[in-house]
Amino acid sequence: MKAIIYCRVSTKKETQETSLKRQEEELIQLANTYHFEIDRVIKEKASGYDFDREGIFQLLERIKEKQVQAILIQDETRLGRGNAKIALLHCILKENIKLYSISHSGELQLSESDSMVLNIVSMVEEYQRKLHNAKIKRGMKRAVQKGYKPEKNLKNLGEASGREKIEVPIEEIVRLRKNGLIFSEIAATLRGFGFNISKATVHRRYQEYIESQEEKA
């Protein structure tokens, strides 16, 4: 298994260099104990309350690439403090990454309060996803009920399965708008059919169409 070693101190004082060095040495020992291959060592001087950290961005990018299976830290406060800590724990655990700490002499054991908050965050995220999908289905259902036939109106539907379609014919936006759908429902409907388009883009494209028609009049 590959692991990232992450070390952090809260200030940029030269005296903290010793702390960073000590963290690195102890975490290398921890990696050896559990036979981890060290992917990289990330060290930074920044507040734990600050989410905007270069080292954290490197860490998150690496775990998103599925290149590592574990992160080694001195304790959970090295990742962050307060809301920043909870957010980072959620991002890391969601990717099924193991956390090992020196303070626990092995795999990190979350406190009861942290576990409770993370469970709440996961539930909220899941319900947001369900709500988003429900809005897409609702928009698609309303469009079909009002006579919208995607198999006839959308060219090459299904030919690029799994690939996002960026261009959306303005005729389809106008047609759905005339059928009584609001902009968010039009965007949700078109996304359901594979088009990567936002409510703002739908609104902008529609306004551009209206303005062009007025100029022709």
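Here is a friendly exchange about the sheet, charges and a helix of this predicted model.

Colleague: Glad to look at this with you! In what order do the five strands of the open sheet lie?

Modeller: The sheet is open and its pairing is mixed. Its edge strands, β2 and β5 (106-107), each pair on one side only. Reading from β2, the order is β2-β1-β3-β4-β5.

Colleague: Do β1 and β2 run parallel or antiparallel, and which residue in β2 stands opposite Ala3?

Modeller: Strand β1 covers residues 2-9, and eight bridges join β1 to β2. The two strands run parallel. Across from Ala3, the residue in β2 is Ile38.

Colleague: Now to the charges. How many salt bridges are there, and which residues are linked with Asp39 in a network?

Modeller: The structure holds 11 salt bridges. One of them joins the side chains of Asp39 and Arg40, at 3.2 Å from N to O, and Arg40 is partly exposed at 33% relative accessibility. The network links Asp39 with Arg40, Arg62 and Glu65.

Colleague: Nice. Are Glu44 and Arg53, which meet in a salt bridge, buried or exposed?

Modeller: Their side chains meet at 4.0 Å, N to O. Buried means under 20% relative accessible area. Glu44 has 10% and Arg53 has 2%, so Glu44 is buried and Arg53 is buried.

Colleague: How many residues apart in sequence are the parts that Glu95 and Lys66 tie together?

Modeller: Glu95 and Lys66 form a salt bridge whose closest N and O atoms are 2.7 Å apart. Glu95 sits in the loop between α4 (82-94) and β4 (98-101), while Lys66 sits in the loop between α2 and β3 (70-73), so the parts tied together are 29 residues apart. As for cover, Glu95 is buried with a relative accessible area of 13%, whereas Lys66 is exposed. The relative accessible area of Lys66 is 53%, and the separation you asked for is 29 residues.

Colleague: Which residues gather with Asp50 in the patch of negative charge on the surface?

Modeller: Asp50 is placed in the loop between β2 (37-45) and α2 (54-64). Residues in patches need over 30% relative accessible area, and Asp50 is partly exposed at 33%. Gathered with Asp50 are Asp52, Glu54 and Glu61.

Colleague: Last one: which residues of helix α7 are buried, and which residue with positive phi follows α7?

Modeller: Helix α7 spans residues 170-178, and its buried residues are Glu172, Ile173, Val174 and Leu176. After α7 comes a residue with phi near 95 degrees, Gly180.

Terms used:
Residues are numbered from 1 along each chain as its sequence is written. This is a predicted model: local features need pLDDT of at least 70, side-chain atom pairs count only at pLDDT 80 or more; totals for chains, interfaces and linings use all residues. Side-chain values use heavy atoms; hydrogens and water are left out. Patches are made of residues with over 30% relative accessible area and no salt bridge: like charges are joined within 9 Å, nonpolar side chains (Val, Leu, Ile, Met, Phe, Trp, Tyr) within 5 Å. Accessible areas come from the Shrake-Rupley method with a 1.4 Å probe; for residues, only the protein chains shown count as cover. Lys and Arg count as positive and Asp and Glu as negative; His and the chain ends are not counted. The place of a charge is taken as NZ of Lys, CZ of Arg, CG of Asp or CD of Glu. Helices (H or I, at least four residues) and strands (E, at least two) are DSSP runs, numbered from the N terminus. Buried means under 20% relative accessible area, exposed over 50%, partly exposed in between (1.4 Å probe, protein chains only). Two strands pair if DSSP finds at least two bridges between them.
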